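Open your viewer and set the display to cartoon, with side chains ready to switch on. We will go stop by stop, with a selection to make at each one.

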Amino acid sequence: MSAHLKGVLVASATLAFAQGATAGEDAVKLKPGDNLEIVEQNCAACHSLDYIQMNAPFLDQKGWQAEVTKMVNAFKAPIAEADQQKIIAYLSTHYSKE
């Protein structure tokens, strides 16, 4: 298989995944608060926002820091450093375990 064809297949798969990941996001409503829009814009680009709600009972500030770092380093999420800190602040405030 040619390198060009592989690139086309990877791009197609990535687009299909991204479209599927954001399908139905209108049904997922996160808690209002500072930096909510930054969280929605950055997180929903790669996965459903219910990922946040599902992990909230298990994560605290350190856990959310690790999750955001994983998304950036392991999965290459293009999130600016300033936005990473805002995302962590929002998640720590509104979705941390008791």
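The tour below starts with the overall fold and then moves to single residues and pairs.

**The whole chain**

Bear in mind throughout that this is a predicted model. Show the full cartoon: the protein has 5 helices and 0 strands, so the pattern along the sequence reads α-α-α-α-α. Colour by burial next, and 33% of the 98 residues count as buried. If you draw a contact map, look away from the diagonal: among contacts with a separation of 6 or more, 61% join residues 24 or more positions apart.

**The nonpolar core**

Now select Leu30, Ile52, Ile87 and Tyr95 and show their side chains. In the largest nonpolar core, which has 23 residues, these four touch the most other members. At least two residues of this core come from each of helix 2 (36–43), helix 3 (50–55), helix 4 (61–73) and helix 5 (81–94). As background, nonpolar side chains in soluble globular proteins tend to be buried together.

Centre the view on Ile52. Which residues does Ile52 touch, not counting those up to four places away in sequence? They are Leu30, Val39, Cys43, Trp64, Leu91 and Tyr95.

**Two tyrosines**

Keep Tyr95 on screen and add Tyr90. The structure holds 1 aromatic pair, and Tyr90 and Tyr95 form it, with ring centres 6.1 Å apart and planes at 50°, a tilted arrangement. Both Tyr90 and Tyr95 are buried.

**Helix 4 against helix 5**

Hide the side chains and select helix 4 and helix 5. A packed pair of helices is described by the angle between the axes and the distance between them. Here the angle is about 145° and the axes are 9 Å apart. The crossing of helix 4 past helix 5 is right-handed.

To see what fills the contact, bring back Gln61, Trp64, Gln65, Val68 and Val72 from helix 4, and Gln84, Gln85, Ile87, Ile88, Leu91 and Ser92 from helix 5. Sorted by class, this contact has 6 nonpolar, 5 polar and no charged residues.

**Two glutamines**

Zoom in on Gln84, in helix 5. Is Gln84 buried or exposed? Its relative accessible area is 10%, and because the cut-off for buried is under 20%, Gln84 counts as buried. Outside its neighbours within four places in sequence, Gln84 is in contact with Val68, Val72 and Ile79.

Then jump to Gln41, in helix 2. Gln41 has a relative accessible area of 57%, so this glutamine is exposed. Draw a distance from Gln41 to Ile79: the two C-alpha atoms are separated by 9.9 Å, although the residues are 38 apart along the chain.

**Two positive phi angles**

Finish with the backbone torsions. Most residues other than glycine have a negative phi. Select Asn35, in the loop between helix 1 (3–22) and helix 2. Asn35 is not a glycine, yet its phi is positive, at about 75°. With 24% relative accessibility, Asn35 counts as partly exposed.

The last selection is Lys76, in the loop between helix 4 and helix 5. What is the phi of Lys76? It is near 60°, again a positive value in a residue other than glycine. Lys76 is exposed, with a relative accessible area of 62%.

Note on methods. Residues are numbered from 1 along each chain as its sequence is written. This is a predicted model: local features need pLDDT of at least 70, side-chain atom pairs count only at pLDDT 80 or more; totals for chains, interfaces and linings use all residues. Side-chain values use heavy atoms; hydrogens and water are left out. A nonpolar core is a set of buried Ala, Val, Leu, Ile, Met, Phe, Trp, Tyr and Cys residues joined through side-chain atoms within 4.5 Å. Buried means under 20% relative accessible area, exposed over 50%, partly exposed in between (1.4 Å probe, protein chains only). Helices (H or I, at least four residues) and strands (E, at least two) are DSSP runs, numbered from the N terminus. Contact means heavy atoms within 4.5 Å. Axes are lines fitted to C-alpha atoms, for helices over the stretch in contact, and angles run from 0 to 180 degrees between N-to-C directions. A crossing is left-handed if the near helix is turned anticlockwise from the far one by less than a right angle, and right-handed if clockwise. Ala, Val, Leu, Ile, Met, Phe, Trp, Tyr, Cys and Pro count as nonpolar, Asp, Glu, Lys and Arg as charged, and the others, Gly among them, as polar. Rings of Phe, Tyr and Trp (its six-membered ring) pair if their centres lie within 6.5 Å; planes under 30 degrees apart count as stacked, over 60 as edge-to-face and the rest as tilted.
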